[in-house]
Amino acid sequence: MATSAFGQCNLLPRTTTVNPTQLHSPRYSLSLPFHRQSITSSPALSFTQSQGLGSAIERHCDRSDLFQTCAVRQLTGSVTSAKGHRFAVVVARFNDLITKKLLEGALDTFKNYSVREEDIDVVWVPGCFEIGVVAQQLGKSQKYQAILCIGAVIRGDTSHYDAVVNAATSGVLSAGLNSGTPCIFGVLTCDTLEQAFNRVGGKAGNKGAETALTAIEMASLFEHHLKA
């Protein structure tokens, strides 16, 4: 008798009936009469036995037989209100026609989610390359629940675009990892000026507002679930 995770199975011995006169037949060494009989031992398994040629297992699994895991606890941040939280916004001055609109979208979103003006500090830096180091210093101060990093890089005729984008991306990431404060990436990386304007209130919405929402959610997540 064999027991498996799918149920208990009775294994019957394989039997083969051979006529003695067949033992001397050349054909007997090549093939045996093939007869199938099914033995059903449980709802999960059925054994198909072949006399003379072994047996094959056909497995029929019912979902009710499978192991079920307990529900895990899921942690999420709240975006209903950010009252009492402090935020810093690091804004690149380069391409300020774009970055100012991103900042406006972020500030409007903070206001809509009950963040007071005195709880928001805006820090201007020359360009996107300088965002990371400033964001890291602000994060290490432990004065803010989240740091927004806002900028705009528009592709030109040289490889300068790739260098700045890579530096800004890794700089914001490192700032969050090194400071322990969520640093939100809100730097637009666009091929044309038209694409950038579409993302500061055009048909693609305002990415500054989206960045602020991300900051609010991350601040709530850290404050209520991930606080050391």
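**Notebook: an open sheet and Leu188**

I started with the sheet: four strands make an open sheet, ordered β7-β6-β8-β9, with parallel pairing. Strands here are DSSP runs of E with at least two residues, helices are runs of H or I with at least four, and both are numbered from the N terminus. Two strands count as paired if DSSP finds at least two bridges between them. At the edges I found β7 (120-125) and β9, each pairing on one side only. Neighbouring strands of this sheet are turned by 15° against each other on average, direction ignored.

A note on the source: this is a predicted model, where local features need pLDDT of at least 70, side-chain atom pairs count only at pLDDT 80 or more, and totals for chains, interfaces and linings use all residues. Residues are numbered from 1 along each chain as its sequence is written, and side-chain values use heavy atoms, with hydrogens and water left out.

Next I looked at β6 (residues 87-92), which runs parallel to β7 and is joined to it by six bridges. Val89 has Val122 in β7 as its bridge partner.

Then the helix: α1 (residues 96-112) packs on the sheet and touches β6, β7, β8 (146-154) and β9. Contact means heavy atoms within 4.5 Å.

Last, I looked up Leu188, which sits in strand β9 (residues 183-190). Leu188 is buried, at 7% relative accessible area (buried is under 20%, exposed over 50%, partly exposed in between, with a 1.4 Å probe and protein chains only). Leaving out residues up to four places away in sequence, I noted that Leu188 touches several residues, among them Ile98, Leu102, Val153 and Arg199. The C-alpha atoms of Leu188 and Arg199 are 8.1 Å apart.

Key
Axes are lines fitted to C-alpha atoms, for helices over the stretch in contact, and angles run from 0 to 180 degrees between N-to-C directions.
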